[in-house]
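Me: I have just opened this model at my desk, and one loop has caught my eye. Please give me a close look at that part, and then connect what you find there with other side-chain contacts elsewhere in the chain.

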Amino acid sequence: GGLHNTVQEANAGTDFELTIPGGQKFAEPLKTAVQAGQVPSLRLYDMVRRIVRQQFRFGFFDRPPSGSAGATVTSAAHAAVARSTAEQGTVLLKNAGGLLPLNPSGIRSIAVLGPGATNPMTSGLGSSQVRPAYVVRPVDAIARRAGSGVTVRTAADATVQAAVQAAAASDVAIVFGDKSASEGRDFGTLI
């Protein structure tokens, strides 16, 4: 996670902690640091002032809370922005020999592989977790785009051997990789 030392973080200007579970550095540890004089009480007042000022700025105290955490708040406009963002954020790692876009005239079979092929990562975890308006699995989208004359297959199971077999039996193999992460955990490598 981002916070490692209560006293240093508070004195350096961090106003609140957003970790799961919360309160690891800024609940009782912050109270203890203020009482011990390690974090000045004026700094604590500043932390509160900066947070509450924004709440007043956006009218949090001018109207009663409405809705519920489980309510669907996605509109057609939200879904359109999300789709556009996803399309623009898709990363092509390699296009050896200008293979893409695929020429459909010579393709009779496509292997769509990787965990994201049938179970796409549509959201982050923790505070970035959302429920999308809809999900299109890559294998389904590719099958629709390829048409009835093209066989689209996935690996029978999640093993490398099954993926190799599906790729070997196909004219083209497309791999969807992903890496799941959340707050409070750092990776040494993405491999």
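Reply: Happy to. A word on terms before we start: helices are DSSP runs of H or I with at least four residues, strands are DSSP runs of E with at least two, and both are numbered from the N terminus. Please also keep in mind that this is a predicted model.

With those labels, the loop to look at is the one between α5 (115-118) and α6 (138-146), where Tyr134 is placed. Is Tyr134 buried, exposed or in between? With a relative accessible area of 42%, Tyr134 is partly exposed, because that class runs between under 20% for buried and over 50% for exposed. Leaving aside residues up to four places away in sequence, Tyr134 touches Ala79 and Arg83. Ala79 is 55 residues away from Tyr134 along the chain, yet the C-alpha atoms of the two are separated by 8.2 Å. With Arg83 there is also a polar contact, in which the side chains of Tyr134 and Arg83 come to 3.4 Å.

Arg83 is a good residue to follow next. Besides its contact with Tyr134, Arg83 forms a salt bridge with Glu87, whose closest N and O atoms are 2.9 Å apart. Both of these residues sit in helix α4, and because they are 4 residues apart there, about one helical turn separates Arg83 from Glu87. Arg83 itself is partly exposed, at a relative accessible area of 45%. So if you start at Tyr134, the path runs through a polar contact to Arg83 and on through a salt bridge to Glu87.

A little further along the chain from Tyr134 there is another charged pair. The side chains of Arg137 and Asp140 meet in a salt bridge at 2.8 Å, N to O. Arg137 has a relative accessible area of 32% and is partly exposed, and Asp140, at 31%, is partly exposed too.

How many salt bridges does a search of the whole structure find? The count is 6. Several residues are linked in a network of such bridges: Asp15, Arg43, Asp46, Arg49 and Arg50. In that network, Asp46 and Arg49 meet through their side chains at 2.4 Å, N to O. They are 3 residues apart in helix α3, which means a separation of about one helical turn. Arg49 is partly exposed, with a relative accessible area of 44%.

Asp15 belongs to the same network, but its place is in the loop between α1 (6-12) and α2 (28-35). Asp15 is buried, with a relative accessible area of 15%. Its side chain makes a polar contact of 3.0 Å with the side chain of Arg43. Beyond residues up to four places away in sequence, Asp15 touches Phe26, Arg43, Met47, Arg50 and Ile51.

Helix α3 (residues 41-57) also holds Phe56, where the picture turns from charged to nonpolar. Phe56, Phe58, Phe60 and Phe61 form a nonpolar patch on the surface, with about 470 Å² of accessible area together. The structure holds 1 aromatic pair. Phe56 and Phe61 form that pair, which is tilted, with 4.4 Å centre to centre and 40° between the planes. Phe61 counts as partly exposed, at 47% relative accessibility.

For a contrast with the partly exposed Tyr134, try another loop residue. Ser170 lies in the loop between α7 (160-168) and β3 (172-175), and at 11% relative accessibility it counts as buried. The side chain of Ser170 makes a polar contact with the side chain of Arg153 at 2.8 Å, and it also reaches the backbone oxygen of Ala166 at 2.8 Å. Apart from residues up to four places away in sequence, Ser170 touches Ser109, Ile110, Ala111 and Arg153.

One last stop, for the backbone this time: the peptide bond from Leu100 to Pro101 is cis, with omega near 0°. Pro101 lies in the loop between α4 (76-89) and β1 (109-113).

Definitions and conventions: Residues numbered from 1 in each chain as written. Predicted model: local features only at pLDDT ≥ 70, side-chain atom pairs only at ≥ 80, totals over all residues. Heavy atoms only, no water. Patch = residues over 30% accessible without salt bridge, like charges linked within 9 Å, V, L, I, M, F, W, Y side chains within 5 Å. Areas by Shrake-Rupley, 256 points an atom, 1.4 Å probe, with all protein chains shown as cover. Salt bridge = Lys/Arg side-chain N within 4 Å of Asp/Glu carboxyl O. Buried < 20%, exposed > 50% of the residue type's maximum accessible area, 1.4 Å probe, protein only. Polar contact = N/O pair within 3.5 Å; in protein donor to acceptor, adjacent residues only side chain to side chain. Contact = heavy atoms within 4.5 Å. Phe/Tyr/Trp six-rings, centres within 6.5 Å; stacked < 30°, edge-to-face > 60°.
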